[in-house]
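Reader: I would like to go through this model and ask, term by term, what each label rests on. Please keep the answers short.

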Amino acid sequence: MRATDDLISGPAYLEGAGLYARQAETNARAREATARLIGAAPGDVALTQNTTHGMNLGVGAVDWQEGDEVVSTSTEHPGCLAPLHNLSRRFGVEVRLIPPPITAEKIKASLTPKTRLVALSHVDWTTGEVLPLTEICALARELDIPTLVDGAQSVGNIPVDAPATGADMYAFTGHKWLLGPEGMGALYVRPDFDAPGANTGYLSIEDPKSFDAEGNYDLHPGARRFEASTMSPVLAAGFAAAAEAAYERGEAGLEGIRRRAEFLADLLEKVPGVTLRSPRPAQTGLVSFEVAGVTANDAAERLLRERFVVRYIPDPNPYVRASTHLFNTEEELEALARAVSGL
Ligand SMILES: Cc1ncc(COP(=O)(O)O)c(C=O)c1O
């Protein structure tokens with residue numbers, strides 16, 4: 001169809017513009033809500049698809065060379081480890097994985113002049129242990145080494161003040177502890193962290209009118225440079241609502257999650273043959289355990305058949321892991337402990 005004056009300035013155009021304005025508004029609401037939840041400014045948060053997407057964006061913000069090194073831990077989720085191992089395949093980067101217990105001293109001892117990134121979780125997904133993130137980020141900063149945090153198990157589970165951790169980049173998602181829809185997450189980027197854009201498009205450009213094909217344009221100075229293009233306003237609205245609700249529940253909500261984990265851990269501890277693998281008292285809503293004589297895989301499958309949605313954690317920590325949230329009742333947790341003793 002030929003563009004007529006009516007099409008480019010009339011009602012159809014205005015409807016189109018309205019649609020984009022609506023998307024921009026919903027995205028802004030999601031950024032504001034998630035930023036507020038993690039103590040950041042809205043401009044320091046980019047919307048992503050999930051934690052793993054954020055981790056890939058963070059890994060892509062470093063200009064990798066053969067022989068560079070990246071430090072992480074041996075119990076990371078594939079959402080962190082896969083992007084790191086990909087670096088070793090593509091660029092010959094050495095991936096150094098530190099075994100637990102993770103201490104700032106152990107991380108420090110693994111850093112060399114070739115270390116270009118420290119990438120690790122805030123909460124260990126295998127045990128629910130909270131890592132000494134602030135200390136780790138501080139020592140990496142002293143050596144000018146960027147830090148990238150996997151916050152999949154922390155945001156909505158424990159209090160998170162991303163700027164206060166000192167992390168350069170902090171990735172998380174809406175669909176886990178925030179109880180939001182699958183398909184949208186966020187990446188916090190420290191405001192003065194000078195990262196090249198690793199995922200660029202029209203949303204990354206500060207003033208789309210300044211763009212020309214010769215590359216004359218400025219990227220957003222902050223996190224927004226990582227947002228490239230159209231996202232789902234439906235997911236953004238759901239993500240915003242989930243983050244707003246978590247903010248409203250506040251510290252009391254997080255304490256409610258932790259208390260349920262503590263209650264479950266108390267029950268499981270009394271079951272003969274069960275060994276708890278999570279810290280006591282509980283630090284998060286994750287409760288990991290082993291059952292003597294039953295592999296974790298088998299135990300998780302049998303519990304699932306009884307409609308208890310627990311997770312099997314693979315090597316190197318092959319545990320059964322339960323996640324407690326505010327909607328779990330004491331009766332449900334008692335029923336789970338009974339089902340575990342039935343194994
Ligand atoms: C520590 C950790 N990182 C990353 C992920 C993957 O998260 P997402 O689905 O948001 O990419 C998970 C999922 O269980 C996880 O526990």
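Author: This is a predicted model. A place to start is strand β4, residues 115-121, which pairs with β5 in the parallel sense over 4 bridges.

Reader: What makes β4 and β5 a pair?

Author: Two strands pair if there are at least two bridges between them. β4 and β5 have 4 bridges, so they meet the cut-off of at least two. One of the contacts in register is S121, whose bridge partner in β5 is D150.

Reader: How do you know that both faces of β5 are covered?

Author: In a regular strand the side chains alternate between the two faces of the sheet. In β5, T147 and V149 are on one side and L148 and D150 on the other, and all of them are buried. Buried here requires 20 or more other C-beta atoms within 10 Å.

Reader: Just before β5 there is a loop. What is unusual about the backbone of D144?

Author: D144 sits in the loop between α6 (133-142) and β5 (147-150). Its phi is positive, about 65°, although D144 is not a glycine.

Reader: Why is D144 called exposed?

Author: D144 has 8 other C-beta atoms within 10 Å. The limit for exposed is 12 or fewer, so D144 is exposed.

Reader: Which class does L179 fall into, and why?

Author: L179 has 16 C-beta neighbours inside 10 Å. Exposed would need 12 or fewer and buried 20 or more, so L179 counts as partly exposed. L179 lies in the loop between β6 (169-173) and β7 (185-189), and its phi is also positive, about 60°, although L179 is not a glycine.

Reader: What about R90: buried or exposed?

Author: R90 lies in helix α4 and has 10 other C-beta atoms within 10 Å. With the limit at 12 or fewer, R90 is therefore exposed. The C-alpha atoms of R90 and D44 are separated by 29 Å, and these two residues are 46 apart along the chain.

Reader: Which residues come nearest to the ligand?

Author: There are 13 residues around the ligand, and N50, T51, T52, G79 and T173 come nearest. Two elements, α3 (51-60) and α4 (78-91), each give two or more residues to this shell.

Reader: How do the residues of that shell divide by class?

Author: The shell around the ligand has 3 nonpolar, 9 polar and 1 charged residues. Gly counts as polar in this scheme.

Reader: What makes the sheet of β8, β9, β11 and β10 an open one?

Author: The 4 strands run in the order β8-β9-β11-β10, with antiparallel pairing. β8 (274-276) and β10 (311-312) stand at the edges with a single partner strand each, so one side of each has no neighbour in the sheet.

Reader: How do you know that β9 and β11 belong together?

Author: Strand β9 (residues 286-291) and strand β11 (residues 320-323) run antiparallel and are joined by 4 bridges, so they satisfy the cut-off of at least two. F289 stands opposite V320 in β11.

Reader: Where are the cis peptide bonds in the loops of this sheet?

Author: One joins R280 and P281, with omega about -10°, and P281 lies in the loop between β8 and β9. Another runs from D315 to P316, with omega near 5°, and P316 is in the loop between β10 and β11.

Reader: How is the chain divided into domains, and how many residues touch across the division?

Author: Domain 1 covers 5-246 and domain 2 covers 251-341. Their centres are 30 Å apart, taken over C-alpha atoms. 13 residues of domain 1 are in contact with 18 residues of domain 2. On the side of domain 1 that touches domain 2, there are 5 nonpolar, 7 polar and 1 charged residues.

Reader: Why is the chain called as compact as a globular protein of its length?

Author: The chain has 10 helices and 11 strands. Its radius of gyration is 22 Å, close to the 20 Å that the globule rule gives for 343 residues, so the chain is as compact as a globular protein of that length. Of the 343 residues, 44% count as buried.

Conventions. Residues numbered from 1 in each chain as written. Predicted model: local features only at pLDDT ≥ 70, side-chain atom pairs only at ≥ 80, totals over all residues. Domains from an automatic or database assignment. Contact = placed C-beta atoms within 7 Å. Near = placed C-beta within 6 Å. Rg over C-alpha atoms; globule rule 2.2 N^0.38 Å.
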